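Trainee: Could you take me through one part of this model in close-up? I'd like to see how a residue in a loop fits in with what surrounds it.

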Amino acid sequence: MKRVLLSYLLLALVPTAHAATFIVNVGGAQKVFTPQTITIDKGDTVTFVNKGGDHNAVADDGSFRCARGCDGDGMGGNGNASTSNWVASITFNKAGTVGYFCEVHGAPGMGMYGTIIVQGGTQPPPAKEPVPGGSLLAYLGFAALLALAAAVRLRRRN
């Protein structure tokens with residue numbers, strides 16, 4: 001039980017990175033992608049949601065072609081434009097600018113098109129001024145060390 005509590009305490013101190021998911025609505029009342037331009041971080045996912053009409057989402061550089069799934073996704077996806085209520089997701093692991101369009105209603109940079117700006121990744125937070133008396137993280141780290149020392153001492157006694 002003590003090991004479990006110690007493990008949870010130590011895990012609480014470990015910073016984690018979280019990828020985000022961004023929604024792009026496709027079609028609907030108008031032949032547009034909404035929002036037309038988004039900025040994401042490397043590792044984030046964009047989910048295209050068809051709101052009505054015969055549409056798909058195709059990368060200008062051919063890196064993806066999606067509608068009812070994506071071509072070549074290994075799950076039987078099909079990037080042909082479709083009037084069904086489809087949803088397709090793509091994770092972007094490389095920084096850069098990715099243009100895309102609907103094959104039926106647009107072309108690269110024309111008609112029904114959009115842009116995804118993929119930034120290099122999550123930037124670390126700016127350095128903060130030291131807090132007088134120490135920070136909460138330092139206090140928790142010290143408490144974790146004390147708990148670990150106590151657990152080792154108890155183990156040696158048994």
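Mentor: Let's start with a bit of vocabulary: two strands count as paired if DSSP finds at least two bridges between them. Keep in mind, too, that this is a predicted model.

Now for the sheet. Strand β1, residues 21-26, is joined to β2 by two bridges, and the two run antiparallel. Across that pair, Val26 sits opposite Phe33 in β2. Zoom out a little and you get an open sheet of four strands, in the order β2-β1-β4-β8, with mixed pairing. The edges belong to β2 (33-34) and β8 (87-91); each has a single partner strand, so one side of each has no neighbour in the sheet.

Next, follow β4 to Asn50, which lies in that strand. Asn50 has a relative accessible area of 3%, so it is buried, the cut-off being under 20%. Its side chain reaches the backbone nitrogen of Gly52 at 3.1 Å. Setting aside neighbours within four places in sequence, Asn50 is in contact with several residues, including Val26, His55 and Trp86. You've already met Val26, as the partner facing Phe33.

Here comes the loop you asked for. Between β4 (45-50) and β5 (57-59) lies Asn56. With 0% relative accessibility, Asn56 counts as buried. What does the side chain of Asn56 reach at 2.9 Å? That would be the backbone oxygen of Gly79. The side chain of Asn56 also makes a polar contact with the side chain of Glu103, at 2.7 Å.

If you skip residues up to four places away in sequence, Asn56 touches quite a list, among them Phe33, Cys66, Trp86, Cys102 and Glu103. Some of those names should ring a bell. Phe33 is the β2 residue opposite Val26, and Trp86 is one of the residues in contact with Asn50.

Let's pick up the cysteines from that list. Cys66 forms a disulfide with Cys70, with the sulfur atoms 1.9 Å apart. A disulfide is a covalent bond between the sulfur atoms of two cysteines. The torsion about the S-S bond of Cys66 and Cys70 is about 105°, so this disulfide is right-handed. Both Cys66 and Cys70 are buried. A search of the whole structure finds one disulfide. As for Cys102, it has 0% relative accessibility and so counts as buried.

So, to pull the close-up together: Asn56 is a buried loop residue, with side-chain links to Gly79 and Glu103, and it touches Cys66 of the disulfide.

Key:
Residues numbered from 1 in each chain as written. Predicted model: local features only at pLDDT ≥ 70, side-chain atom pairs only at ≥ 80, totals over all residues. Heavy atoms only, no water. Disulfide = S-S within 2.5 Å. Buried < 20%, exposed > 50% of the residue type's maximum accessible area, 1.4 Å probe, protein only. Polar contact = N/O pair within 3.5 Å; in protein donor to acceptor, adjacent residues only side chain to side chain. Contact = heavy atoms within 4.5 Å.
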